[in-house]
Amino acid sequence: MRFKRDITYKKILSLFRNQNGSPFFNAKGLAIGVFSGCFPFFGFQTLIGVFFAKIAKGNIVLAAIGTWISNPFTYIPLYYFNYKVGSIFLNNPSNKILEKSLVIDDLWKQGRIFSLKLLLGSSCVGILLALICGSIVFFIYKIKSKR
């Protein structure tokens with residue numbers, strides 16, 4: 001029980017605020033984490049974010065924090081939105097996710113189309129959110145470094 005009382009939002013924010021490195025280094029790490037968090041790879045988003053942050057020489061801790069953009073509260077709305085964005089890019093803005101009258105052979109085709117829409121939408125939304133979050137974090141750390 002004591003452990004729950006020791007964790008406060010101030011301690012969590014201090015983890016974010018007390019990162020060392022240049023503003024670009026920190027922003028790059030968070031942007032990579034947010035981008036990775038937009039994909040529907042449950043359980044692997046943090047590993048993917050940390051891996052790419054290590055390759056791109058970004059902040060690994062902030063990359064892990066950035067993947068929290070997708071959590072149990074945001075899974076359904078985020079991935080539904082990603083699917084809709086992917087549908088728009090593929091010029092197929094159907095309101096139906098899967099057709100009702102499926103033949104077994106068509107099931108594989110529908111699965112591929114669904115996956116393509118979801119991954120394309122996740123990429124587009126991920127890039128946009130990564131740019132926005134990375135820019136905000138860059139300016140926050142830039143202001144902090146001036147003080």
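Leu 119 counts as partly exposed, since its relative accessibility comes to 35%. The model here is a predicted one, and in it Leu 119 sits in helix α7, which covers residues 104-146. This leucine also belongs to a nonpolar patch on the surface, where it is joined by Phe 41, Phe 44 and Leu 47. Taken together, the four residues offer about 390 Å² of accessible area.

Turning to the aromatics, the structure has eight aromatic pairs. One of them brings together Phe 42 and Tyr 75, with ring centres 4.9 Å apart. Their planes stand at 80 degrees, and over 60 counts as edge-to-face, so that is the label this pair gets. The contact ties together distant parts of the chain, as the two residues are 33 residues apart: Phe 42 lies in the loop between α3 (23-37) and α4 (45-56), while Tyr 75 is in helix α6 (residues 75-89). As for solvent, Phe 42 is partly exposed at 47% relative accessibility, and Tyr 75, at 25%, is partly exposed too.

Phe 138 and Phe 139 make another edge-to-face pair, because their planes meet at 75 degrees, with the ring centres 5.4 Å apart. Phe 138 has 24% relative accessibility and so ranks as partly exposed. Phe 139 reaches 52%, and since exposed means over 50%, this residue counts as exposed.

Finally, Phe 35, Phe 39 and Phe 41 come together as one aromatic cluster. Phe 41 thus turns up in the cluster as well as in the nonpolar surface patch with Leu 119.

Terms used: Residues are numbered from 1 along each chain as its sequence is written. This is a predicted model: local features need pLDDT of at least 70, side-chain atom pairs count only at pLDDT 80 or more; totals for chains, interfaces and linings use all residues. Side-chain values use heavy atoms; hydrogens and water are left out. Patches are made of residues with over 30% relative accessible area and no salt bridge: like charges are joined within 9 Å, nonpolar side chains (Val, Leu, Ile, Met, Phe, Trp, Tyr) within 5 Å. Accessible areas come from the Shrake-Rupley method with a 1.4 Å probe; for residues, only the protein chains shown count as cover. A salt bridge is a side-chain nitrogen of Lys or Arg within 4 Å of a carboxyl oxygen of Asp or Glu. Helices (H or I, at least four residues) and strands (E, at least two) are DSSP runs, numbered from the N terminus. Buried means under 20% relative accessible area, exposed over 50%, partly exposed in between (1.4 Å probe, protein chains only). Rings of Phe, Tyr and Trp (its six-membered ring) pair if their centres lie within 6.5 Å; planes under 30 degrees apart count as stacked, over 60 as edge-to-face and the rest as tilted.
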